[in-house]
Amino acid sequence: MPAPEPVGDDFSRPGATAYAAEWARAVRRIGFVPLSAAETERLLVSLTERLARALRAPAFSARPAEEVGRALVEAHLTEPGVLDWSVQALGDRFLPWVLPAREDLPELRERIASLQGAVAAGFSRALRDRVFSQQERIARSAWQARDAVEQALRDSEARFRAVFTGAAIGIGIAGVDGHIIEVNQSFADMLGYTVAEMRQMNVSALAHADDAAGMWELYQELVEGKRDSARVEKRYYRKDGSVVWTDLAVSLIRYDDGRPRFTVAMIEDITQRYELQQRLRFQALHDPLTGLPNRTLFFETLGGVFAAAGPEQRVGLCFIDLDGFKAVNDSLGHDLGDRLLQVIARRLSDCVAGRGHLVARMGGDEFVILVDSGGGLDDAVEVAELALAAVSAPVHVADQQLAVSASIGIVDCPAAETSAGELMKAADTTLYWAKAEGRGRWAVYDPERSAADIARSALAANLPAALDRGEFVLHYQPIVSLLDGSMVAVEALVRWQHPELGLLGPDRFIGLAEETGLIVRLGAWVLRQACRDAESWRRAFGESKPVVSVNLAARQADDPAIVETVAEALQHTGLPAELLQLELTESAVMGSAGEPLRALHQLADLGLRLAIDDFGTGYSNLAYLRRLPIHCVKLAGPFVEGIRGDGAVADHRDERIVDALVRLAHALELSVTAEAVETEVQAERLRALRCDTGQGRWFGAPMPADAIRARLAG
């Protein structure tokens with residue numbers, strides 16, 4: 001780079017600026033510079049000018065150069081290479097760049113050398129001073145930190161002593177050998193000792209005979225360093241022998257190398273809280289009226305039995321329900337009913353006292369006894385009989401003497417083959433069996449019967465959907481004139497074409513339909529379909545048309561809309577009313593009164609026929625029967641079955657009964673149909689007894705509508 005032209009009498013300012021710029025670039029190449037490029041260049045321009053003025057001063061002094069060296073350190077330009085470059089450049093580049101040409105150059109070079117030394121000296125002294133200052137600050141900080149730590153330690157010890165002495169909870173310190181090193185006054189007062197007495201004790205002396213299993217193993221793991229803390233609820237004996245419940249938290253304190261040093265225990269007296277918890281737990285797990293365990297405690301106990309049961313262990317229970325308890329509540333009041341339950345609960349508890357059985361109240365008037373015995377079913381039956389005897393004894397409540405009974409469901413089975421839920425479900429099912437069989441008795445769970453009930457329930461549940469899906473079909477059984485053998489009518493019999501079980505007869509589902517109330521919908525469908533089929537036969541065969549007879553369930557007969565339902569079926573299908581016959585059971589007809597009786601007359605007014613099914617098996621009131629709009633009676637099958645023709649006395653008796661029933665019906669101007677005609681002999685005898693029509697296997701089994709159509713065509 002060529003030297004700049006000298007300007008001015010003292011030094012070249014552009015040359016000084018160029019020199020400073022090169023100095024700045026060199027500094028930035030050598031190491032880290034905490035200033036920006038512009039800031040660095042401004043600083044070095046200023047230092048260059050100071051060096052130039054010092055060099056040209058009439059009275060020369062190297063002191064400004066020392067200040068330049070110090071300024072470099074103060075600007076944190078402390079890399080060793082910075083000093084080297086600065087000193088060397090001061091000798092090589094300063095004169096030609098900054099100063100004009102002079103004849104006294106040798107004298108200037110002496111001054112340059114002095115300036116170089118002064119820059120180095122100032123740089124070194126400033127650097128030394130900074131190091132000394134930093135060391136002093138570090139030493140001062142270290143002393144201050146040590147003083148702070150010592151003060152903090154003294155404060156910490158004072159606070160610990162204050163907490164240890166004044167804490168409301170007990171605090172104790174013990175060595176890993178269990179010897180008590182120190183306790184506070186609260187701990188000593190809690191156990192009734194003095195602090196001095198407890199310092200002479202070992203923690204093992206404070207053990208309670210009923211400490212929780214595994215608690216001392218937990219403490220041993222703590223002092224061996226296998227864990228850092230433990231927390232348990234523990235009982236302590238006080239010095240006077242009484243017991244105090246505590247919440248104990250123990251922590252391990254270690255040496256710096258990790259070895260166990262001692263343990264610190266914090267103990268809180270929770271006796272009142274524990275007693276309250278026990279009272280609350282008793283209330284939560286016992287029935288407030290009878291004091292017996294409630295269903296929550298029963299299921300906890302039952303779950304424990306299953307959890308601990310071996311592969312061969314059996315579990316048994318008796319599920320008890322009082323018979324007619326609702327009537328006692330309704331007639332005598334709930335207060336007396338509650339007192340009755342208290343007496344029954346006490347009797348049930350007393351009758352199995354000492355046998356290890358759990359008696360619990362499940363709610364309402366239901367109780368359960370969990371049989372704890374290896375005697376199997378015999379033990380469970382014995383408990384059930386004891387319970388029945390205890391309940392059945394007269395109960396005197398206030399001025400009332402009450403006689404009550406109970407039904408009991410008994411279940412006994414291997415624990416491995418069931419669960420708590422399944423066991424209770426089986427017991428509930430069995431209790432239902434006992435009540436259905438007459439009450440005041442026990443019943444034993446039968447898996448096969450239960451499976452049948454479940455299947456029956458499944459059928460009941462599927463009935464509505466089956467009706468919606470069109471799974472029901474009608475078969476028709478011929479009703480034949482006993483005079484000339486012609487088919488004068490057919491009886492519509494519903495069948496269920498089950499997708500899995502095949503074709504099911506009415507005995508499998510009609511009872512379910514009546515129980516669930518679906519019989520009204522199903523009966524309406526049967527009526528419409530039967531009328532539809534009968535109308536198709538009438539249109540096809542004219543005078544050969546048969547009357548279609550449809551069974552009407554008692555619940556249908558009681559339906560306020562029955563007349564409207566029948567009328568709509570006739571109108572919708574176009575079937576003449578005289579070709580429809582409705583069959584009702586004798587008990588349903590005889591029980592009709594009020595609106596149902598008016599409905600029968602309205603049905604008869606439509607022009608259709610009404611028949612009494614299973615005539616002779618009910619409680620016929622002849623005077624009442626005479627006033628009913630009945631057209632036909634159907635003799636019950638058992639009477640017809642007795643006409644076998646083998647000469648037995650029973651045959652003659654049955655024949656006389658049939659004869660009397662036929663005469664009675666004819667006297668009332670009613671036609672007679674005999675059901676269950678299976679043989680030719682039966683048909684001939686019925687014909688001889690002037691019975692009008694018959695139906696049964698002898699005349700044809702129930703068949704689909706197409707088969708009836710084929711028979712009419714033939």
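Strand β1 (residues 170–175) and strand β2 (residues 180–183) pair in the antiparallel sense over three bridges, where pairing requires that DSSP find at least two bridges between two strands. Helices (H or I, at least four residues) and strands (E, at least two) are DSSP runs, numbered from the N terminus. The model is predicted: local features need pLDDT of at least 70, side-chain atom pairs count only at pLDDT 80 or more, and totals for chains, interfaces and linings use all residues. Residues are numbered from 1 along each chain as its sequence is written, and side-chain values use heavy atoms, with hydrogens and water left out.

**The antiparallel sheet**

- Within the pair of β1 and β2, glycine 172 has valine 183 of β2 as its bridge partner.
- Four residues lie between the strands of this hairpin, and glycine 178 there takes a positive phi near 95 degrees.
- β1 and β2 belong to an open sheet of five strands in the order β2-β1-β5-β4-β3, with antiparallel pairing.
- β2 and β3 (229–237) stand at the edges with a single partner strand each, so one side of each has no neighbour in the sheet.
- Neighbouring strands of this sheet are turned by 25 degrees against each other on average, direction ignored.
- β3 and strand β4 (residues 243–254) run antiparallel and are joined by nine bridges; arginine 231 stands opposite alanine 249 in β4.
- Helix α9 (residues 215–223) lies across β1, β3, β4 and β5 (260–269), at about 130 degrees to β3. Contact here means heavy atoms within 4.5 Å, and axes are lines fitted to C-alpha atoms, for helices over the stretch in contact, with angles from 0 to 180 degrees between N-to-C directions.
- Helix α10 (residues 271–285) lies across β3, β4 and β5, and runs at about 120 degrees to β4.

**The mixed sheet**

- A further open sheet has five strands in the order β7-β8-β6-β11-β12, and its pairing is mixed.
- At its edges stand β7 (358–363) and β12 (442–444), each with a single partner strand, so one side of each is left without a neighbour in the sheet.
- From one strand to the next, the twist averages 20 degrees.
- Ten bridges link strand β6 (residues 314–323) and strand β11 (residues 405–414) in the antiparallel sense; cysteine 318 stands opposite isoleucine 410 in β11.
- Helix α11 (residues 295–308) packs on this sheet and touches β6, β7 and β8 (366–371), and its direction makes about 130 degrees with that of β7.

**Helices**

- Helix α13 (residues 334–351) and helix α14 (residues 377–392) pack at an angle of about 145 degrees, their axes being 9 Å apart.
- The contact involves Ile344, Arg347, Leu348 and Cys351 of α13, together with Leu386, Ala387, Ala390 and Val391 of α14.
- Helix α15 (residues 420–436) has 17 residues and spans 24 Å from its first C-alpha to its last, close to the 24 Å expected at 1.5 Å a residue; the expected span is 1.5 Å times one less than the number of residues.
- Leu423, Met424, Ala426, Ala427, Thr430, Leu431, Trp433 and Ala434 of α15 are buried, where buried means under 20% relative accessible area, exposed over 50%, and partly exposed in between (1.4 Å probe, protein chains only).
- The cover over the buried residues of α15 includes α11, β6, β7, β11, β12 and α16 (447–469).
- Glycine 438, just after α15, takes a positive phi of about 130 degrees.
- Helix α18 (residues 519–541) has 23 residues and reaches 32 Å from its first C-alpha to its last, close to the 33 Å expected at 1.5 Å a residue; glycine 542, just after α18, takes a positive phi of about 60 degrees.

**Loop residues**

- Glutamate 669 has a positive phi of about 60 degrees although it is not a glycine. Glutamate 669 lies in the loop between α25 (649–667) and β20 (671–674) and is exposed, with a relative accessible area of 73%.
- Arginine 690, likewise not a glycine, has a positive phi of about 65 degrees. Arginine 690 lies in the loop between α26 (680–688) and β21 (693–694) and is exposed, with a relative accessible area of 64%.
- Arginine 627, in the loop between α23 (622–626) and β19 (632–635), is exposed with a relative accessible area of 51%.
- The C-alpha atoms of arginine 627 and leucine 668 are separated by 9.8 Å, the two residues being 41 residues apart along the chain.
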